[in-house]
Amino acid sequence: MSIETISLSGRKKVVSNKDMTFIERLYLVAIVKGLIITLKHLFRKKVTIHYPEQVRTMSPVYRGQHMLKRDEQGRENCTACGLCALSCPAEAITMKAAERKSDEKHLYREEKYAEIYEINMLRCIFCGLCEEACPKDAIYLTTSKVLVPASYEREDFIFGKDKLVMPLEMALKNAQLKNAN
């Protein structure tokens, strides 16, 4: 058995090196096929929308900007377990855990909390795996159309807890809505 006859996948194809004819060497057939495709696209209906007047509907599985949740009492849900950082394929999430002090019981739910929680938005691919990995349901991707504001500095794309934590008013409003239902 020679090396030429071995196929690991079982889908080996024999390729012949036959000489091309004069017409094939001119590539006229390929050029005409390409022009036909171009002409077909020329007469199709355009998909362009006029943005300010028309707004494109978002996909039902759209994932927007990240947000760190708070509970009904306004305390952060994140316990710095690190599962979101481990599940992130782009390695965009970094965190540093710290012990809660006795006077910080109104700020954090558990004894351990994320002292530093940063997401590098230049690396993030908005896949939602951090949201699925979190056992405390602390991080989620909003349906907000605002993703990342434009900037010239790399530091502006590293979102810390100041940009990620849910505002206290929003957390209290969510708690009221939950209690009403």
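Reader: How do the residues in the lining of the largest pocket divide into nonpolar, polar and charged?
Author: Keep in mind that this is a predicted model. The largest pocket holds about 250 Å³ of space, and 13 residues line it. By class, that lining comes to four nonpolar, two polar and seven charged residues.

Reader: Which residues of that lining are the closest to the centre of the largest pocket?
Author: Charged residues make up seven of the lining, and Lys and Arg are counted in that class. Some of those turn up in the central group too. The residues closest to the centre are Lys69, Arg70, Met166, Asn174 and Lys178.

Reader: And which helix gives the most to the lining of the largest pocket?
Author: Look at the stretch covering residues 168-180. It puts four residues into the lining, and no other helix gives more. That's helix H6.

Reader: Moving on to enclosed space, how many cavities of 30 Å³ or more are there?
Author: The largest cavity has about 80 Å³ of space. The second largest has about 60 Å³. With the cut-off at 30 Å³ or more, the count is two.

Reader: Which residues lie nearest the centre of the largest cavity?
Author: This cavity has 15 lining residues. By class they are twelve nonpolar, two polar and one charged, with Cys counted as nonpolar. Nearest the centre you'll find Cys78, Cys81, Cys84, Cys134 and Ala138.

Reader: What about the second largest cavity: how do its lining residues divide by class?
Author: The lining is made up of His66, Cys88, Ile93, Ile119, Cys124, Ile125, Phe126, Cys127, Gly128, Leu129 and Cys130. Gly counts as polar in this scheme, while Cys, Ile, Leu and Phe count as nonpolar. The split is therefore nine nonpolar, two polar and no charged.

Reader: Where does UniProt place the feature "binding site"?
Author: The entry is unreviewed, so treat the annotation as one that may be inferred rather than shown by experiment. The positions are spread over 43 residues of sequence, yet they cluster in space, with a largest C-alpha distance of 10.5 Å. The lining of the second largest cavity includes these residues. The record gives Cys88, Cys124, Cys127 and Cys130.

Reader: Is Cys88 buried or exposed?
Author: Cys88 sits in the loop between helix H3 (83-87) and strand E2 (93-99). Its relative accessible area is 12%. Buried means under 20%, so Cys88 is buried.

Reader: Is Cys124 buried or exposed?
Author: You'll find Cys124 in the loop between strand E3 (112-120) and helix H4 (129-133). Setting aside neighbours within four places in sequence, Cys124 is in contact with His66, Ala92 and Ile119. Its relative accessible area is 14%, which is under 20%, so Cys124 is buried.

Reader: Glu91 is in the loop between H3 and E2; is Glu91 buried or exposed?
Author: Glu91 also has a positive phi of about 50°, although it is not a glycine. For accessibility, the figure is 57%. Exposed means over 50%, so Glu91 counts as exposed.

Reader: In which loop is Tyr27 found?
Author: Tyr27 has a phi near 60°, a positive value in a residue other than glycine. Helix H1 covers 22-26 and helix H2 covers 28-42. Tyr27 is in the loop between H1 and H2.

Reader: Which are the edge strands of the open sheet of three strands?
Author: The order is E2-E3-E5, with antiparallel pairing. An edge strand pairs on one side only. The edge strands are E2 and strand E5 (158-159).

Reader: Over how many bridges do E2 and E3 pair?
Author: The pairing runs in the antiparallel sense. Glu99 has Lys112 in E3 as its bridge partner, and Met95 stands opposite Tyr117 in E3. The count for E2 and E3 is seven bridges.

Reader: Which residue in E5 stands opposite Ile119?
Author: E3 and E5 pair in the antiparallel sense over two bridges. Ile119 also belongs to the lining of the second largest cavity and is in contact with Cys124. Its opposite number in E5 is Phe159.

Definitions and conventions. Residues are numbered from 1 along each chain as its sequence is written. This is a predicted model: local features need pLDDT of at least 70, side-chain atom pairs count only at pLDDT 80 or more; totals for chains, interfaces and linings use all residues. Side-chain values use heavy atoms; hydrogens and water are left out. On a 1 Å grid over the protein atoms alone, a cavity is a set of points where a 1.4 Å probe fits but cannot get out, and a pocket is an open set with protein on both sides within 12 Å along at least five of seven lines; lining residues have an atom within 4 Å of a point. Buried means under 20% relative accessible area, exposed over 50%, partly exposed in between (1.4 Å probe, protein chains only). Contact means heavy atoms within 4.5 Å. Grid points are joined across faces, edges and corners, and a volume is the space filled by probe spheres set on the points. Two strands pair if DSSP finds at least two bridges between them.
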